[in-house]
2 protein chains.
Amino acid sequence: MWPDRRLLDLFGIEHPILQAPMAGPCYADMAIAVAQAGGLGALPMATFSADQARGEWQIIRQQTDKPINLNFFCHEPPVPDAAREAAWRQRLRPYYLELGIDPDGNIPGSNRTPFDDSLCRMVEEFRPAVVSFHFGLPEEPLLARVRAAGAKIISSATSVAEAKWLEAHGVDAIIAQGAEAGGHRGMFLGGDPLDVALTQAGTMALVPQVVDAVKVPVIAAGGIADSRGIVASLALGAAGVQIGTAYLFSPEARISKPHRAALAAASDNGTALTNIFTGRPARGLMNRAMRELGPLSRAVPAFPLAGGALAPLKSTAEAAGSGDFGSLWAGQAVGLGRPESAGDITRRLAAEALSKLVH
Amino acid sequence: MWPDRRLLDLFGIEHPILQAPMAGPCYADMAIAVAQAGGLGALPMATFSADQARGEWQIIRQQTDKPINLNFFCHEPPVPDAAREAAWRQRLRPYYLELGIDPDGNIPGSNRTPFDDSLCRMVEEFRPAVVSFHFGLPEEPLLARVRAAGAKIISSATSVAEAKWLEAHGVDAIIAQGAEAGGHRGMFLGGDPLDVALTQAGTMALVPQVVDAVKVPVIAAGGIADSRGIVASLALGAAGVQIGTAYLFSPEARISKPHRAALAAASDNGTALTNIFTGRPARGLMNRAMRELGPLSRAVPAFPLAGGALAPLKSTAEAAGSGDFGSLWAGQAVGLGRPESAGDITRRLAAEALSKLVH
């Protein structure tokens, strides 16, 4: 029996384990597997077209009626800056030439859709049990519609100040995202994310300080990839955990071959924060592009525009088996991951944690 | 009863709580208070003269026969670089003028003595129960003399690779120093510390990966300032913890008034890694000097020489009640600290942790 039932009651789940909604790797099959194993499965919507989103949701609902978390980004849409874009393309020009790509060819758009009326209509139609946001929360009228659709609302805090802000805006639970976490830092207060990232706390320090500052349940994230991390997070006062990187090792994760190979070879000190792939700080395995262009740079276009110009380099490199130019998202607990299905990971971590908690 | 007795048996202590040997704030009285309360008190030797070291040790031995940890730095002595020093003084010139200090006056030396024959003779004379090193280990002949003097030997690892190196060199236990920790990062492998610092893991991720990699007991450090952190660290597989920042709140800590005021006002996201105060990355509360000169800079002289030119600015600013130019070392759990004697902190944390561990 889990000693803290707050998240179980709030979400209607069996284990306080949330699958991180990783936009790119996560589709319906991972969400279904985690949900069927008793965790909170998640479907990230930020990179889906409307048709894809609908298709994935239909697959989920055909296979499970367990609670699912629909995840959305709510960043400010970027103001295009032609000069900055051009300078960035110029910076990448030698790599285009090296890989035999026309440096003046068209580049794809970088499709991270912030939460808006049309996505909100989907929530109203799909009626997921949980809606999570990254980079803060949407405007209150949209948030009220999500609430009215019956969804519990959660979002990530990277600091105590953000946690208090989220609680004041009515979230049902808060993900305390420690610096160890892979993928995008969720920061939304304090100004330029590159400056904010310098001062953000690790999970061990962040979780108890957030727990002390808010009344809603806190979900620990960052550096948690096995049952030791789950039990430790509960000791820090968290009501549960969100796990990302460990699920990247599952066959359900749709990641490139170079990404999967890099995960298998990674150790504790193989990641860094970088903004070169999207324009916002995110943690990934160090590769050539991060070393040579960053890992943090003031020259990259605003989120999410930076991704466009790197996309042709990424796809060409990946076709040749190289992870030199793609984002290889991973958190600092990557060395604890092992190949295992998403359902098995969820069941094993829950069982191991429960065996340590029961005396 | 502590479930894991490895450190208690190894060091001869009652609670698996190590006081971090913070060079500057820590003198005999803090080590005595922690030792009498059942933890492992520590005396940092890096900034003491021989007379000071002897005097502090005599005070300790007059008041307690409990085990004490003598701590030494073992960095490579820097190669003086006159051009770099001159450029750094030039960089600081506007601040000297602003504070009314002669910018061409003499500056004090920056006295961090690496472990050598004369310090080793002190170990042989004092015969402390434990000797800890920061920045790796001394050369094998010196290490053999420490071992022959009967001391248990410990050192800090900031990565799994460093932990394996330390174990291969015969340490009795390893401090896994997560990125949350205040003061100097203990890194000694991997090249330029400014690059290495970018990839270092937080405590939640580092501890279990180190535990999996070595057989000796692991001591968790970084972000631990209350009993929640202790219980969490044990859940991660650590045999005990090392605590620094929480002890800075004690009256025994010899810190400046601005430092004490900054600690009391600090929150989770108030610190950053900086090398401007000494030449090596260390975590402290953000202040004017860090903002304007760093927080990380390639221009500062090598460790520990950087401290000399900032010293007159620090002392003049502090005399005026300002912490603008002094290092305000603190870890990311600073928001959990509270004013309390070093003995009371040790007893309270041990009692609270034990009450959570006993079922």
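This is a conversation about a predicted model of two chains, A and B.

Visitor: Why are helices α4(A) and α14(A) called roughly parallel?

Guide: Helix α4 (residues 82–98) of chain A and helix α14 (residues 306–319) of chain A pack at an angle of about 5°, with their axes 10 Å apart. Angles under 35 degrees count as roughly parallel, and therefore α4(A) is described as roughly parallel to α14(A).

Visitor: Which residues make the contact between α4(A) and α14(A)?

Guide: From α4(A) come Trp88(A), Arg89(A), Leu92(A), Tyr95(A) and Tyr96(A), and they meet Ala309(A), Leu310(A) and Leu313(A) of α14(A). By kind, the residues of this contact divide into 7 nonpolar, no polar and 1 charged. Arg counts as charged, so Arg89(A) is the charged residue of this contact.

Visitor: What makes the relation between chain A and chain B that of a two-fold axis?

Guide: Chain A is superposed on chain B by a rotation of 180° with 0.0 Å of shift along its axis, and the RMSD is 0.0 Å. That is the relation of a two-fold axis. Of the residues of chain A, Ala232(A) comes closest to the rotation axis, its C-alpha lying at 2.0 Å.

Visitor: How do you know that the same surface serves both copies?

Guide: The contact residues of chain A recur in chain B to the extent of 100%. The contact takes 41 residues from chain A and 41 residues from chain B.

Visitor: Which elements of chain A give two or more residues to the side that touches chain B?

Guide: They are α9 (203–213), α10 (227–235) and β10 (271–274) of chain A, and the largest share, 6 residues, comes from α9(A). Taken by kind, the residues on the side of chain A that touches chain B divide into 18 nonpolar, 19 polar and 4 charged.

Visitor: Why are β7 and β10 of chain B called edge strands?

Guide: In chain B, 3 strands form an open sheet in the order β7-β11-β10, with antiparallel pairing. Strands β7 (183–184) and β10 (271–274) of chain B each pair on one side only, and they are the edge strands of this sheet.

Visitor: How do you know that β10(B) and β11(B) count as paired?

Guide: Two strands pair if there are at least two bridges between them, and β10(B) is joined to strand β11 (residues 282–285) of chain B over 4 bridges in the antiparallel sense; therefore the requirement is met. As one bridge of the sheet, Ala272(B) has Gly284(B) in β11(B) as its partner.

Methods:
Residues numbered from 1 in each chain as written. Chains lettered and ligands numbered in written order. Predicted model: local features only at pLDDT ≥ 70, side-chain atom pairs only at ≥ 80, totals over all residues. Axes fitted to C-alpha atoms, helices over the stretch in contact; angles between N-to-C directions. Parallel < 35°, antiparallel > 145°, perpendicular 65-115°, else oblique. Contact = placed C-beta atoms within 7 Å. Least-squares fit on C-alpha atoms with pLDDT ≥ 70 in both.
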